[in-house]
Amino acid sequence: MRIGMRAVLVLSMSGVLAGPALAQDFPVTIEHAYGQTTIEAQPERVATWAWGNTDAVLSLGVKPVAIPFISYGGGDNGIHPWAEEALEAMGGELPAILAEGDEPPYEQILAADPDVIIAVYSGITEEQYERLSQIAPTVAYQGVAWSAPWQEVTRAVGQALGLPEEAETLVAETEQFVADTVAQHEGLAGTTFIGLNDYDGSLAIYAGLDSRVKFLTDLGLIYAPSLDELGGDDENFYFSVSYENADQLVSDILVSYYENQADSDEFFAAPYIARLPQTQAGAYASIVGVEEVAAVSPPSALSLRWGLEDYVAELAAAAEKAE
């Protein structure tokens, strides 16, 4: 049994997945990138679109009527294992699975007859938002597309579902779980890191908007100061560094994410990476496997219970070898 089933057990015991809770007063108005959405009554039929929104809805004890097919880490049925386990614990029929694509499948969503459409973590365009809003009140992303941390997503979804107090409880309990997990590994907090990958003939360095960077800092790690001079900031998801300048990537550890071990091995064996002090010391964490990568890219209150312990253990092992 993976620790995924533990997620369902822990959340059920906390009361988050256990039965209906007191709802806030409606109507509720939520601000987002395309204005405001007013939800007149507590939704009973919830549709989700884009990555991570299904997790947030499930973690608050609500079973959607329609969810998107997720090919990355979702298996044959397009459902991440942690979401699948939560759905199994709720019982009954699975939600309708919406066809994957850049464009929402409007007819499928219409057929699901939702009271609200949740796209809090997404990159839907204004035109897509307008079309979805013709089907049901739609909650788009706040701020910059694809950039909200899991805490903000959970709170926004909680507001839309009429469960703001439950969302706050879930965030607090999950943050405590994260803190307790990190505390099991002395020396991890304060470790400087660089998240990187090989992309299009240069190194792609994850920057401040990237969800993986945000979460690593949540764990108490520090975004390497050396990146400030190379173009790292909070306004981009990533920036490029040439192979010739790889030696300027100064940090305690390196962190990378790969679908399979062969690609990871090839990356760290490349001369421009292999010669770095972090690589030579073994001070790097390579997160391998689509489910493992998906669980933290971005994380959710649901996926964290599934994948956090292994993720933190990988980071701690790298930190122990840092020079």
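**Exercises on a predicted model**

Proline 27 lies in the loop that runs between helix H1 (3–14) and strand S1 (28–32). Helices (H or I, at least four residues) and strands (E, at least two) are DSSP runs, numbered from the N terminus.

The model is predicted: local features need pLDDT of at least 70, side-chain atom pairs count only at pLDDT 80 or more, and totals for chains, interfaces and linings use all residues. Residues are numbered from 1 along each chain as its sequence is written, and side-chain values use heavy atoms, with hydrogens and water left out.

**Exercise 1. Find the residues with unusual backbone geometry and place them in the fold.**

Step 1. Start at proline 27. The peptide bond that joins phenylalanine 26 to it is cis, with omega near 5°.

Step 2. Go to serine 297. Its peptide bond to proline 298 is also cis, with omega near -5°. Proline 298 belongs to the loop between helix H12 (290–294) and H13.

Step 3. Check phi at tryptophan 146. It is positive, about 60°, although the residue is not a glycine. Tryptophan 146 is in the loop between strand S7 (138–139) and H6.

**Exercise 2. Describe how H7 packs against H13.**

Step 1. Take the geometry. Helix H7 (residues 164–183) and helix H13 (residues 301–320) have axes 10 Å apart, at an angle of about 5°. Axes are lines fitted to C-alpha atoms, for helices over the stretch in contact; angles run from 0 to 180 degrees between N-to-C directions.

Step 2. Classify the angle. H7 is therefore roughly parallel to H13 (angles under 35 degrees count as such).

Step 3. List the contacts (heavy atoms within 4.5 Å). H7 brings Leu170, Glu173, Thr174, Phe177, Val178, Thr181 and Val182. H13 answers with Ala301, Leu304, Arg305, Leu308, Glu309 and Val312.

Step 4. Sort them. The contact has eight nonpolar, two polar and three charged residues. Ala, Val, Leu, Ile, Met, Phe, Trp, Tyr, Cys and Pro count as nonpolar, Asp, Glu, Lys and Arg as charged, and the others, Gly among them, as polar.

**Exercise 3. Characterise the largest pocket.**

Step 1. Fix the terms. On a 1 Å grid over the protein atoms alone, a cavity is a set of points where a 1.4 Å probe fits but cannot get out; a pocket is an open set with protein on both sides within 12 Å along at least five of seven lines; lining residues have an atom within 4 Å of a point.

Step 2. Give the size. The largest pocket has a volume of about 430 Å³ (the space filled by probe spheres set on the points, which are joined across faces, edges and corners).

Step 3. Name the lining. It holds 16 residues, with Trp51, Tyr72, Arg212, Val293 and Ser297 closest to the centre. Helix H8 (211–218) and strand S12 (253–258) are the elements that give two or more residues.

Step 4. Sort the lining of the largest pocket: 10 nonpolar, three polar and three charged.

**Exercise 4. How many cavities of 30 Å³ or more are there, and what lines the largest cavity and the second largest cavity?**

Step 1. Count them. There are three.

Step 2. Take the largest cavity. It encloses about 110 Å³. Of its 15 lining residues, Gly52, Trp150, Val153, Pro299 and Ser300 are closest to the centre. Helix H2 (53–59) and helix H6 (150–161) each give two or more residues. The lining has 10 nonpolar, four polar and one charged.

Step 3. Take the second largest cavity. Its volume is about 90 Å³. Among its lining residues are Ala50, Trp51, Asp55, Ile67 and His80. H2 and strand S4 (66–68) each supply at least two residues. By class, the lining has seven nonpolar, four polar and one charged.

**Exercise 5. Locate leucine 230 and its contacts.**

Step 1. Place it. Leucine 230 is in the loop between strand S10 (222–223) and strand S11 (238–241).

Step 2. List its contacts. Leucine 230 touches Phe239, Val241, Gln248 and Leu249, leaving aside residues up to four places away in sequence.

Step 3. Add a distance. The C-alpha atoms of leucine 230 and leucine 249 are 8.7 Å apart, across 19 residues of chain.

Notes
Angles under 35 degrees count as roughly parallel, over 145 as roughly antiparallel, 65 to 115 as roughly perpendicular and the rest as oblique.
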